[in-house]
Each structure stands twice: as C-alpha cells, then as structure tokens.
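Got a minute to walk through a structure together? A newcomer asks, and an author answers.

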Amino acid sequence: MKCPLCDTEMIISGSGYVTRGGKFYRKVSLDCRNRNCGNYKKTVKEELTELSVTNEEAEGGE
C-alpha cells in the first residue's frame, strides 16, 4: 500500500488483535517511511483482517 501524499510504499509499524462486534480481527498499522513527506512516521492507515476462530478439540485437532 502506498502513502496517499507521496506515493511511497508504507511500512508496517505495528500489529495486534482486536475484537469488534463479537468478531476477531488482526489489526495492522501502516506508516509512511519517506522523510520528506508530511505523513512521515504517522499512521496513515489501519487495516483489519477478520480471522476465523475454531475450536481444535471439536474438530479433532491436537
């Protein structure tokens, strides 16, 4: 994903897990890495990816 101001590819500055509305997500924060950009070292975008949660014992997993 690119910064909307300078069109430089952004870096992942952090990640974690969150729950919202009973669903489980992985959250990734993206920062601009261009020192000459107004968004430098600022979180420009946060992406949420929904994760499916399963019970391994119920499915026969170890």
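Below is a short run of questions and answers about this predicted model.

Reader: Let's start simple. How many helices and how many strands are there in the protein?
Author: Reading along the sequence, you meet the pattern β-β-β. That leaves nothing helical to look for, and the tally for the protein is 0 helices and 3 strands.

Reader: Is the protein a compact globule or more spread out?
Author: The globule rule gives 11 Å for 62 residues, while the radius of gyration here is 16 Å, well over that. The C-alpha trace spans about 55 × 25 × 15 Å along its principal axes. Because the radius of gyration is well over the rule's value, the protein counts as more spread out than a compact globule.

Reader: What share of the 62 residues is buried?
Author: A residue has to stay under 20% relative accessible area to be called buried. Of the 62 residues in the protein, the buried share is 19%.

Reader: In what order do the strands sit in the sheet, and which stand at the edges?
Author: The 3 strands make an open sheet with antiparallel pairing, in the order β1-β2-β3. Each edge strand has a single partner strand, so one side of it is left without a neighbour in the sheet. Neighbouring strands are turned by 25° against each other on average, direction ignored. The strands at the edges are β1 and β3.

Reader: Over how many bridges do β1 and β2 pair?
Author: These two strands form a hairpin with 2 residues between them, and G21 in the turn has a positive phi of about 60°. Along the ladder, I12 has L30 in β2 as its bridge partner, and Y17 stands opposite R26 in β2. The antiparallel pairing of β1 and β2 runs over 9 bridges.

Reader: Y17 caught my eye. Why is its pair with F24 called stacked, and not edge-to-face?
Author: The count of aromatic pairs comes to 1. In that pair, the ring centres of Y17 and F24 are 5.6 Å apart. Planes under 30 degrees apart count as stacked. The planes of Y17 and F24 are at 10°, so the pair is stacked.

Reader: And how do those two rings fare for accessibility: is each one exposed or partly exposed?
Author: Exposed means over 50% relative accessible area. Y17 is at 55%, so Y17 counts as exposed. F24 is at 30%, so F24 counts as partly exposed.

Reader: Which residues make up the largest nonpolar core?
Author: In soluble globular proteins, nonpolar side chains tend to be buried together. Here the largest such core has 6 residues in all. One of them is C3, whose contacts beyond four places in sequence are T8, M10, C32, C37 and N39. The full membership is C3, M10, V28, L30, C32 and C37.

Reader: Tell me about C37. Is it buried or exposed?
Author: C37 lies in the loop between β2 and β3. Not counting residues up to four places away in sequence, C37 touches C3, L5, C6 and C32. Its relative accessible area is 11%, and because the cut-off for buried is under 20%, C37 is buried.

Reader: How far apart in space are C37 and V53?
Author: In sequence, C37 and V53 are 16 residues apart. From C-alpha to C-alpha, the distance between C37 and V53 is 39 Å.

Reader: What about N39: which residues is it in contact with, leaving aside neighbours within four places in sequence?
Author: N39 is found in the loop between β2 (23-31) and β3 (43-51). With a relative accessible area of 15%, N39 falls under the 20% cut-off and so is buried. Its contacts are C3, P4, L5, C32 and V44.

Reader: Two more residues, D7 and K41. What phi values do they have?
Author: D7 lies in the segment before β1 (11-20), and at 52% relative accessibility D7 counts as exposed. K41 lies in the loop between β2 and β3, and K41 is exposed too, with a relative accessible area of 62%. Each has a positive phi in a residue other than glycine. The values are near 65° for D7 and near 60° for K41.

Terms used
Residues numbered from 1 in each chain as written. Predicted model: local features only at pLDDT ≥ 70, side-chain atom pairs only at ≥ 80, totals over all residues. Heavy atoms only, no water. Helix = DSSP H or I, 4+ residues; strand = E, 2+ residues; numbered from the N terminus. Buried < 20%, exposed > 50% of the residue type's maximum accessible area, 1.4 Å probe, protein only. Contact = heavy atoms within 4.5 Å. Core = buried A, V, L, I, M, F, W, Y, C linked by side-chain atoms within 4.5 Å. Pairing = 2+ DSSP bridges. Axes fitted to C-alpha atoms, helices over the stretch in contact; angles between N-to-C directions. Phe/Tyr/Trp six-rings, centres within 6.5 Å; stacked < 30°, edge-to-face > 60°. Rg over C-alpha atoms; globule rule 2.2 N^0.38 Å.
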